[in-house]
Amino acid sequence: MKVLKTNMSFRSVLVVFGLIFFLQLLQSCNTDKKLSKLLYFNEQGDTTLSKVVQNVDPVMQAGDRLSIVVNAANPVSAAPYNLGASATSPGAATTTGYIVEADGTIQFPQLGKIQVVGMKRKQLVDFLSKMLVKYVNDPIVTIEFLNYKITVLGEVGRQGTFNIPDGKVTLIDAIGLAGDLPFTARRDNITIIREKNGKREFGKINMLSKNAFSSPYYVLQQNDIIYVEPTKDKVESTDQSFFRKFSIATSVLSVFTTVVLLVINATK
């Protein structure tokens, strides 16, 4: 009889350990599954990253505010072209800037109206440098965007609006500026809200996929809004139903533990 009880006790212990092992195995599988949802571009091989995103330079559009600074060996000759620069510091960077009007032009000293919409910074730099040679010896033209910005909202490290002086920014850059994505952020369904030709359009990017690089929304444009959704776990953690489910699960676990202890005690 004692041998039978001992065997039953041994079997109960094996059952408990087997159950623990099974639960740990499930947890491990669940952890691996969750990890795959946190790694950027986890679908790709080693060579895919070698593809470089090209043509990230933005084109100028109506409403842009441009800082155009002209420098030269003789600062006095360049001073008239630096809108907003003080007389005591010719060539200083301007905070006023040149506004791109609705007709796509800026009014530039000496040169008059210049059509800039559709041009990239380098193109306008080359154009102005060529035209100013007539009036300034060896002009050096520097152009920056004063109002080029993007906004990042949702489940990120730091929400906010970020200025991009050179106008070059990708979705990865935006995520970096916003302090990266926490574990509670969805990486597979990031929304980009963009205004184009007076209409608002919505784009989706899966940052877990290598196809993110080929998306027309990967390279951001002026005034883009990036929204990152929270994960289901994050939503549930703030919902009262989560606590009800947790209470039920705790009760079930308590009953199960009690039954196991009774079985073990009965076999002693």
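This passage describes the fold, the sheets, the nonpolar core and the salt bridges of a predicted protein model.

The secondary structure of the protein consists of six helices and 10 strands. Of its 268 residues, 31% count as buried, and the surface that the protein exposes comes to about 16900 Å², of which carbon and sulfur atoms supply 60%. Among the contacts between residues with a separation of 6 or more, 60% join residues that are 24 or more positions apart.

Strands of a sheet pair through backbone hydrogen bonds, either parallel or antiparallel. One open sheet in the model is formed by five strands in the order β7-β6-β10-β8-β9, and its pairing is mixed. The edge strands of this sheet are β7 and β9 (199-205), each of which pairs on one side only, and the twist from one strand to the next averages 20°. Within the sheet, strand β6 (residues 149-154) and strand β7 (residues 160-163) pair in the antiparallel sense over four bridges, with Ile 150 standing opposite Phe 162 in β7. These two strands, β6 and β7, form a hairpin in which five residues lie between them. The pairing of β6 with strand β10 (residues 225-228), by contrast, is in the parallel sense and also extends over four bridges; here Val 152 stands opposite Ile 226 in β10.

A further open sheet contains three strands in the order β2-β1-β5, with antiparallel pairing. Strands β2 (98-99) and β5 stand at its edges, each with a single partner strand, so one side of each is left without a neighbour in the sheet. Two bridges join β1 to β2, and Leu 66 stands opposite Tyr 98 in β2. Helix α3 packs on this sheet, where the helix touches β1 and β5, and its direction makes about 145° with that of β5.

The surroundings of Val 141, which lies in strand β5, illustrate this packing in detail. With a relative accessible area of 8%, Val 141 is buried, because residues under 20% are counted in that class. When residues up to four places away in sequence are not counted, Val 141 touches Ile 68, Val 69, Val 70, Val 125, Leu 128, Ser 129 and Leu 132. The C-alpha atoms of Val 141 and Phe 127 are 9.7 Å apart in space, while the two residues are 14 residues apart in sequence.

In soluble globular proteins, nonpolar side chains tend to be buried together. The largest nonpolar core of the model has 46 residues, and those that touch the most other members are Ile 68, Phe 108, Leu 124, Leu 128, Leu 171, Ile 190 and Ile 226. At least two residues of this core are supplied by each of β1 (65-71), β3 (105-108), α3 (121-132), β5 (140-145), β6, α4 (171-177), β8 (190-196) and β10, and the largest share, four residues, comes from α3. For Ile 190, leaving aside neighbours within four places in sequence, the contacts are with Leu 171, Ile 175, Leu 181, Gly 203, Lys 204, Ile 205, Met 207, Ile 226, Tyr 227 and Val 228.

A search of the whole structure finds six salt bridges. In one of them, the side chains of Asp 224 and Arg 194 meet at 2.8 Å, N to O. Asp 224 lies in the loop between β9 and β10 and Arg 194 in strand β8, so this pair ties together parts that are 30 residues apart in sequence. Both partners are buried, Asp 224 at 0% relative accessibility and Arg 194 with a relative accessible area of 3%.

Arg 186 takes part in two further pairings. With Asp 188, Arg 186 forms a salt bridge in which the closest N and O atoms are 3.0 Å apart, and with Glu 229 the corresponding distance is 3.3 Å. The pair of Arg 186 and Glu 229 links distant parts of the chain, 43 residues apart, since Arg 186 is in the loop between α4 and β8 and Glu 229 in the loop between β10 and α5 (232-237). Asp 188 counts as partly exposed at 33% relative accessibility, and Arg 186 likewise at 28%. Through shared partners, the salt bridges join Arg 186, Asp 188 and Glu 229 into one network.

Notes
Residues numbered from 1 in each chain as written. Predicted model: local features only at pLDDT ≥ 70, side-chain atom pairs only at ≥ 80, totals over all residues. Heavy atoms only, no water. Buried < 20%, exposed > 50% of the residue type's maximum accessible area, 1.4 Å probe, protein only. Contact = heavy atoms within 4.5 Å. Areas by Shrake-Rupley, 256 points an atom, 1.4 Å probe, with all protein chains shown as cover. Pairing = 2+ DSSP bridges. Axes fitted to C-alpha atoms, helices over the stretch in contact; angles between N-to-C directions. Core = buried A, V, L, I, M, F, W, Y, C linked by side-chain atoms within 4.5 Å. Salt bridge = Lys/Arg side-chain N within 4 Å of Asp/Glu carboxyl O.
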